[in-house]
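Visitor: Could you take me closely through the enclosed and open spaces of this model, and through what lines them? I would like to know which elements contribute to each lining.

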Amino acid sequence: MAAGEDGLRADARANRDRILEVAREALTADPETPLSAIGKAAGVGQGTLYRHFPTREALALAIYRREISALAALPSTLLQERPPLEAFRLWCAQLAVSSAMKRGVAKLLQGATSEDDERETYRQIVLAVRSLLAASEAAGAIDRGANADDVLMLLGVLWQIPSHPGRDAQAARIIALIFRGLGAKDELDGLAGP
């Protein structure tokens with residue numbers, strides 16, 4: 001089998017992707033999930049798991065990088081399919097979902113991320129916010145002049161919400177407050193939640 005641009009054969013890439021998907025769910029739910037349980041749930045042997053991810057921290061970092069890349073790429077897709085304000089709102093909702101994952105692997109990431117990792121992930125996400133702000137402003141859906149760094153700082157509150165049954169509703173209310181602060185009105189009233 002020929003290797004892809006990431007240097008992995010198709011079957012190895014499929015194994016890696018399956019491990020990342022299973023690990024994302026497992027570590028979000030319980031950061032102490034044993035790697036052996038992740039490998040078993042992903043349908044791969046321990047050798048395969050450790051070949052791709054030699055440590056728990058390496059696995060957490062790969063999950064985090066994948067999540068950030070997906071979030072960074074999402075605005076262009078959403079903006080093609082939805083009006084700008086709706087695209088921005090949907091992106092923020094996905095950020096809230098991703099924040100639950102980050103909380104699940106936060107302790108593992110502390111020792112695994114470098115300053116370069118942090119700068120690069122921040123850069124990717126602030127560019128995503130900037131593109132969504134610009135599209136929403138151009139459409140007249142929000143007030144002009146919002147700073148992407150400031151908006152991202154406000155959205156960072158989503159990472160602080162602890163896991164509890166009302167977490168999703170609380171995240172939706174916080175997002176709605178941020179959008180009201182940006183000057184969006186009627187379109188987002190339904191986000192207030194219970």
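Guide: The helices named here are DSSP runs of H or I with at least four residues, numbered from the N terminus. In those terms, the element that gives the most to the lining of the largest cavity is α5, with 5 residues. The model is a predicted one.

The enclosed space comes first. The structure holds 1 cavity of 30 Å³ or more, and the volume of the largest cavity is about 50 Å³. At least two lining residues come from each of α4 (56–81) and α5 (84–112). Within the range of α4 lie the lining residues Y64, E67, I68 and L71, while L95, S98, S99, M101 and K102 fall within that of α5. W159 also belongs to this lining, and its position is outside both ranges. By class, 6 of the lining residues are nonpolar, 2 polar and 2 charged. The polar residues are S98 and S99, and the charged ones are E67 and K102.

The open spaces follow. The largest pocket contains about 310 Å³ of space. It is lined by 14 residues, and Y64, K102, E118, T121 and W159 are the closest to its centre. Y64, K102 and W159 thus appear in the lining of the largest cavity and also among the residues closest to the centre of the largest pocket. Three helices, α4, α5 and α6 (115–138), each provide at least two residues of this pocket's lining. The largest share, 5 residues, is that of α6, and E118 and T121 lie within its range. The lining of the largest pocket divides into 8 nonpolar, 3 polar and 3 charged residues.

The second largest pocket has a volume of about 190 Å³. Ten residues line it, and those nearest its centre are R16, L20, A62, R65 and R66. Two or more residues of this lining come from α1 (10–29) and from α4. R16 and L20 are within the range of α1, whereas A62, R65 and R66 are within that of α4. The largest share of this lining, 5 residues, comes from α4. Its class make-up is 4 nonpolar and 6 charged residues, with no polar residue. Three of the charged residues, R16, R65 and R66, are among those nearest the centre.

Taken together, α4 supplies residues to the lining of the largest cavity, of the largest pocket and of the second largest pocket.

Notes:
Residues are numbered from 1 along each chain as its sequence is written. This is a predicted model: local features need pLDDT of at least 70, side-chain atom pairs count only at pLDDT 80 or more; totals for chains, interfaces and linings use all residues. Side-chain values use heavy atoms; hydrogens and water are left out. On a 1 Å grid over the protein atoms alone, a cavity is a set of points where a 1.4 Å probe fits but cannot get out, and a pocket is an open set with protein on both sides within 12 Å along at least five of seven lines; lining residues have an atom within 4 Å of a point. Grid points are joined across faces, edges and corners, and a volume is the space filled by probe spheres set on the points.
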